[in-house]
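Reader: I'm new here and would love a friendly tour. Could you take me through it step by step?

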Amino acid sequence: MKIGLGLPIDDPALLLTWARRADAGPFSTLGLLDRLVFDNPEPLVTLAALAGATSRIRLQTEVLIAPVHTTALLAKQAATLDRLSGGRFTLGIGVGGREDDFLAAGADLGGRGRRLDEQMTLLRRLWAGEPYGEGSGPIGPAPLTPGGPEVLFGGFAPAALARVGRFGDGFLGAALPPEHLGGLFREVEKGWERHGRPGRPRLVAQISVALGPRDTVDRARRNLLDYYAFTGRAAAMADGLLTTPRTIRAAVCALTGIGADEVVLYCWAPDPDQVDRLADACFPSASRTAASCV
């Protein structure tokens with residue numbers, strides 16, 4: 001069982017500390033979300049810095065809003081990060097849905113799904129070393145990972161699930177109960193088979209957590225309410241915050257039970273001591289292997 005950490009966004013100066021502690025511990029991945037019109041660190045720049053501060057743990061966007069990014073530049077940035085990290089980069093990617101992000105980027109919110117499909121076709125070509133197009137050559141550097149970094153798609157719509165089989169390596173499901181997320185996992189698997197893909201897609205789940213004293217938990221709730229205010233469901237998202245070792249372990253076990261290959265614990269408060277608290281909650285201290293769900 002792999003367990004990753006989602007990085008808090010409200011104090012970027014602490015993220016190097018988070019990364020070093022996580023890299024020295026049992027966690028598998030460090031994830032970072034993407035917004036344009038919000039007070040969060042830019043994920044590709046930040047993960048590049050964290051790549052230099054770590055040696056083992058994977059680095060992942062959760063998820064990058066691809067349609068607000070220029071495709072050629074994104075290809076170059078992702079390949080560079082894959083090289084800098086020694087192949088430890090995963091590009092979690094999605095269409096987004098916040099109108100203000102698209103307005104600020106001068107992008108079309110309504111056509112974001114079609115644009116992502118076009119972007120993925122071009123990204124795969126560029127990572128394979130093919131020319132950008134007529135009058136323009138290849139865009140380097142070549143990624144260390146053959147064919148480009150691992151790509152996980154996030155989202156809930158049928159089109160998002162179908163993209164995994166067409167373009168991706170796996171699926172990232174965030175902030176959903178196991179009974180709902182399990183259905184999405186099965187749809188992703190069916191799409192994978194329809195496209196004749198070998199093996200199976202990697203399935204990743206994400207839950208919101210805050211472990212520590214009252215001020216840590218309260219700050220996490222405030223951050224969740226702020227981040228999800230645009231949805232009209234901010235209170236429900238904050239109510240889903242898991243704040244005890246028991247509830248976190250139970251959620252990890254439930255998500256593993258529906259087929260998750262990895263569970264990312266997204267931390268919504270900047271206290272770096274949460275890294276050690278979460279390690280103690282989810283891994284036996286002696287072996288630092290994931291606690292059993294039986």
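Author: Gladly, and let's begin with a term: a disulfide is a pair of cysteine sulfur atoms within 2.5 Å. Please keep in mind that this is a predicted model.

Reader: Thanks! How many disulfides does the structure hold?

Author: A disulfide needs two cysteine sulfur atoms within 2.5 Å. For Cys-267, the nearest cysteine sulfur is that of Cys-282, 9.8 Å away, so by the 2.5 Å cut-off Cys-267 is in no disulfide. Cys-282 is in no disulfide either, as its nearest cysteine sulfur, that of Cys-253, is 9.0 Å away. For the structure, the number of disulfides is zero.

Reader: Is Cys-267 buried or exposed?

Author: The word buried is used for a relative accessible area under 20%. Cys-282, at 4% relative accessibility, falls under that cut-off. Cys-267 has a relative accessible area of 0%, so Cys-267 is buried.

Reader: Let's turn to the helices. How do the directions of α2 and α3 compare, roughly parallel or roughly antiparallel?

Author: Helix α2 covers residues 43-53 and helix α3 covers residues 71-84. Their axes come within 10 Å and cross at roughly 15 degrees. Angles under 35 degrees count as roughly parallel, so α2 is, with respect to α3, roughly parallel.

Reader: Which class do six residues of the contact of α2 with α3 belong to?

Author: From α2 come Leu-44, Leu-47, Ala-48 and Ala-51, while α3 brings Leu-74, Gln-77 and Leu-81. Leu and Ala count as nonpolar, whereas Gln is among the polar ones. The contact has one polar and no charged residues, and the class of the other six is nonpolar.

Reader: Is the crossing of α2 and α3 left-handed or right-handed?

Author: The angle of roughly 15 degrees between the axes of α2 and α3 is one part of the picture. The handedness is the other part, and the way α2 passes α3 is left-handed.

Reader: What about α1 and α11: are they roughly parallel or roughly perpendicular?

Author: Helix α1 spans residues 15-23, and helix α11 spans residues 274-282. Their axes come within 9 Å, with a crossing angle of roughly 30 degrees. In handedness, α1 passes α11 in a right-handed crossing. An angle under 35 degrees is the cut-off, so the two helices are roughly parallel.

Reader: How many charged residues are in the contact of α1 with α11?

Author: Here Trp-18, Arg-21 and Ala-22 of α1 meet Gln-274, Val-275 and Asp-276 of α11. Arg and Asp count as charged. Alongside three nonpolar residues and one polar residue, the number of charged residues is two.

Reader: And how is α3 placed relative to α5, roughly parallel or oblique?

Author: The axes of α3 and helix α5 (residues 112-127) come within 10 Å and cross at roughly 50 degrees. Among the residues that meet are Leu-74 and Ala-78 in α3, and Leu-122 and Trp-127 in α5. By class, this contact has nine nonpolar, two polar and one charged residues. Since roughly 50 degrees lies between the cut-offs of 35 and 65 degrees, the placing of α3 to α5 is oblique.

Reader: Now the backbone. Which residue does a cis peptide bond join to Glu-62?

Author: Most peptide bonds are trans. In this bond omega is about -15 degrees, and the bond is cis. The partner lies in the loop between β3 (58-61) and β4 (64-65). The residue joined to Glu-62 is Val-63.

Reader: Where is Pro-141, which has a cis bond from Gly-140?

Author: The peptide bond from Gly-140 to Pro-141 has omega near 5 degrees and is cis. The place of Pro-141 is the loop between α5 and β6 (150-154).

Reader: What is the phi of Ala-175?

Author: Most residues other than glycine have a negative phi. Ala-175 lies in the loop between β7 (170-174) and α7 (178-194), and is partly exposed with a relative accessible area of 36%. Although Ala-175 is not a glycine, its phi is positive, at about 60 degrees.

Reader: Finally, is Glu-150 buried or exposed?

Author: Glu-150 lies in strand β6. Leaving aside neighbours within four places in sequence, its contacts include Arg-58, Phe-89 and Arg-202. Its relative accessibility is 18%, under the 20% cut-off, so Glu-150 counts as buried.

Technical notes:
Residues are numbered from 1 along each chain as its sequence is written. This is a predicted model: local features need pLDDT of at least 70, side-chain atom pairs count only at pLDDT 80 or more; totals for chains, interfaces and linings use all residues. Side-chain values use heavy atoms; hydrogens and water are left out. Buried means under 20% relative accessible area, exposed over 50%, partly exposed in between (1.4 Å probe, protein chains only). Axes are lines fitted to C-alpha atoms, for helices over the stretch in contact, and angles run from 0 to 180 degrees between N-to-C directions. Helices (H or I, at least four residues) and strands (E, at least two) are DSSP runs, numbered from the N terminus. Angles under 35 degrees count as roughly parallel, over 145 as roughly antiparallel, 65 to 115 as roughly perpendicular and the rest as oblique. A crossing is left-handed if the near helix is turned anticlockwise from the far one by less than a right angle, and right-handed if clockwise. Contact means heavy atoms within 4.5 Å.
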